[in-house]
Amino acid sequence: MKNDKCKTTRVGKRGTLFSFRELEGLETCVYLIEGPRHAFVIDTFLGPKSMDIVKKRLARALRDKPAVVVNTHFHWDHVWGNCAFPGSPVVAHESCRAKIGRVGEKELKAHGSMQQGNVKLVLPNCTFTDRLVYEDDEVELFRSPGHSPDSISVHDRRDRVLLVGDNVEEPLPYLYSTDLAAYERTLESYLSLGAQRIIAGHCARVTRGTIKGNLAYVRAFRNGGTGKYDKGQFRQTHRQNLRVMELLRKKRNT
Ligand SMILES: [Zn+2]
């Protein structure tokens, strides 16, 4: 299935990848896992209109199997479609709920022109701190701080597909957390998990090389040796990271 705005791909035995392009041409991924008990919708992109294609798949192929919506982290381009699934639990890290509660309305005002359909903020209503496993579905959600402190990852243990949210990006990740030691541990854990397919929020096919490159960058940033990232394809993201980290550090010290 393919249309101008969303490319749909089957992954493994029970996954569907929806790859959107509405966000300034940047690829953004929504992923559906069809478990025996639940259908998991991981991230909800820019609003209810974006979720129409996902809901069609739920209704037709899955006969409206109960949906569990998952938010990998609080950023607006991952949560605005939560309102398209009334009655479904929205699962996230507890600090994701708190963060959307604090900044959600402000972000909606600031980026409202990007919304797809009429966005009403829906906060995660089922939260966890460390790990949550849907045993019968063989789907594991685990805390993986990095890109942001509230980031979680999803492991489809049956298909061995790992969803890493925005913790991995090509060529460099965007930093919104000062805990870089935690970020390193998260990236290392991805490398040791043995997943067959890794999908990031903005990259449909993540390689181990990309993760290693991201890890090298986070390490360099932590140790203050980022000179080589101040040029070429890295420069723009790196400069933004310097600005954001400076702001976060100032905030922490006030
Ligand atoms: Zn993000």
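This is a conversation about reading the pockets, metal site and backbone of a predicted model.

Biologist: Where should I start looking for empty space in this structure?

Modeller: Start with the general idea. Rolling a probe the size of a water molecule over the atoms shows where empty space is left. In this predicted model, the largest pocket has a volume of about 1,200 Å³.

Biologist: Which residues lie nearest the centre of the largest pocket, and how many line it?

Modeller: His75, Trp76, Glu107, Tyr176 and Gln240 lie nearest the centre, out of 35 lining residues. Helix H2 (94-111) and helix H5 (235-253) each contribute at least two residues to that lining. Sorted by class, the lining holds 15 nonpolar, nine polar and 11 charged residues.

Biologist: How many cavities of 30 Å³ or more are there?

Modeller: Two. The largest cavity holds about 60 Å³ of space, and the second largest about 30 Å³.

Biologist: What lines the largest cavity?

Modeller: Among its lining residues are Leu17, Ile42, Thr72, Leu163 and Ile199. Strand E3 (residues 26-34) gives the most, with three residues. The split by class is eight nonpolar, three polar and one charged.

Biologist: And which residues line the second largest cavity?

Modeller: That lining is made of Phe74, Trp76, Val79, Trp80, Ile100, Gly104, Glu107 and Leu121. By class, it has six nonpolar residues, one polar and one charged. Look out for Trp76 and Glu107 here: they line this cavity, and they are also among the residues that lie nearest the centre of the largest pocket.

Biologist: Let's turn to the metal. Which atoms are the protein donors of the zinc ion?

Modeller: They are NE2 of His73, ND1 of His75, NE2 of His147 and OD of Asp166, at 2.2 to 2.3 Å from the zinc ion. His75 is a name you've met already, as one of the residues nearest the centre of the largest pocket.

Biologist: How do I read the angles at a metal?

Modeller: You hold them up against ideal values. Ideal angles at a metal are 109.5 degrees for four tetrahedral donors, and 90 or 180 degrees for six octahedral ones. In this structure the angles among the four donor atoms of the zinc ion run from 85 to 171 degrees, and the site is classed as irregular.

Biologist: How are the zinc donor residues spaced in sequence?

Modeller: The pattern is H-x1-H-x71-H-x18-D. His73 sits in the loop between strand E5 (67-70) and strand E6 (90-93), while Asp166 sits in the loop between strand E11 (161-163) and helix H3 (180-192), so the pair ties together parts 93 residues apart in sequence.

Biologist: Is His73 buried or exposed? And what about Asp166, buried or exposed?

Modeller: His73 is buried, because its relative accessible area is 0%. Asp166 is at 4% relative accessibility, so it counts as buried too.

Biologist: What should I look for in the backbone?

Modeller: Look for departures from the usual pattern. Most residues other than glycine have a negative phi, and most peptide bonds are trans. Here, Glu170 and Pro171 are joined by a cis peptide bond, with omega about 0 degrees. Pro171 belongs to the loop between E11 and H3.

Biologist: Which non-glycine residues could I check for a positive phi?

Modeller: Try Glu138, where phi is about 55 degrees, and Arg160, where phi is also about 55 degrees. Glu138 is in the loop between strand E8 (131-134) and strand E9 (139-143), and Arg160 is in the loop between strand E10 (152-156) and E11. Glu138 counts as partly exposed because its relative accessible area is 28%. Arg160, at 38% relative accessibility, is partly exposed as well.

Biologist: Could we finish with two other loop residues? Where is Pro36, and what does it contact?

Modeller: Pro36 is in the loop between E3 and strand E4 (39-42). Setting aside neighbours within four places in sequence, Pro36 contacts Arg14, Lys65, Asp136, Asp137 and Arg158. Its relative accessibility is 45%, so Pro36 counts as partly exposed.

Biologist: And where is Thr226?

Modeller: Thr226 is in the loop between helix H4 (208-223) and H5. It is buried, because its relative accessible area is 15%, under the 20% cut-off. Leaving out residues up to four places away in sequence, Thr226 touches Ala220, Phe221 and His238.

Methods. Residues are numbered from 1 along each chain as its sequence is written. This is a predicted model: local features need pLDDT of at least 70, side-chain atom pairs count only at pLDDT 80 or more; totals for chains, interfaces and linings use all residues. Side-chain values use heavy atoms; hydrogens and water are left out. On a 1 Å grid over the protein atoms alone, a cavity is a set of points where a 1.4 Å probe fits but cannot get out, and a pocket is an open set with protein on both sides within 12 Å along at least five of seven lines; lining residues have an atom within 4 Å of a point. Grid points are joined across faces, edges and corners, and a volume is the space filled by probe spheres set on the points. Helices (H or I, at least four residues) and strands (E, at least two) are DSSP runs, numbered from the N terminus. Ala, Val, Leu, Ile, Met, Phe, Trp, Tyr, Cys and Pro count as nonpolar, Asp, Glu, Lys and Arg as charged, and the others, Gly among them, as polar. Buried means under 20% relative accessible area, exposed over 50%, partly exposed in between (1.4 Å probe, protein chains only). Contact means heavy atoms within 4.5 Å. Donors are N, O and S atoms within 2.8 Å of the metal (3.2 Å for Na, K and Ca); water is not among the atoms, so sites may look incomplete. Four donors count as tetrahedral if all angles lie between 85 and 135 degrees; four count as square planar and six as octahedral if opposite donors are over 155 degrees apart and all others between 65 and 115; anything else is irregular.
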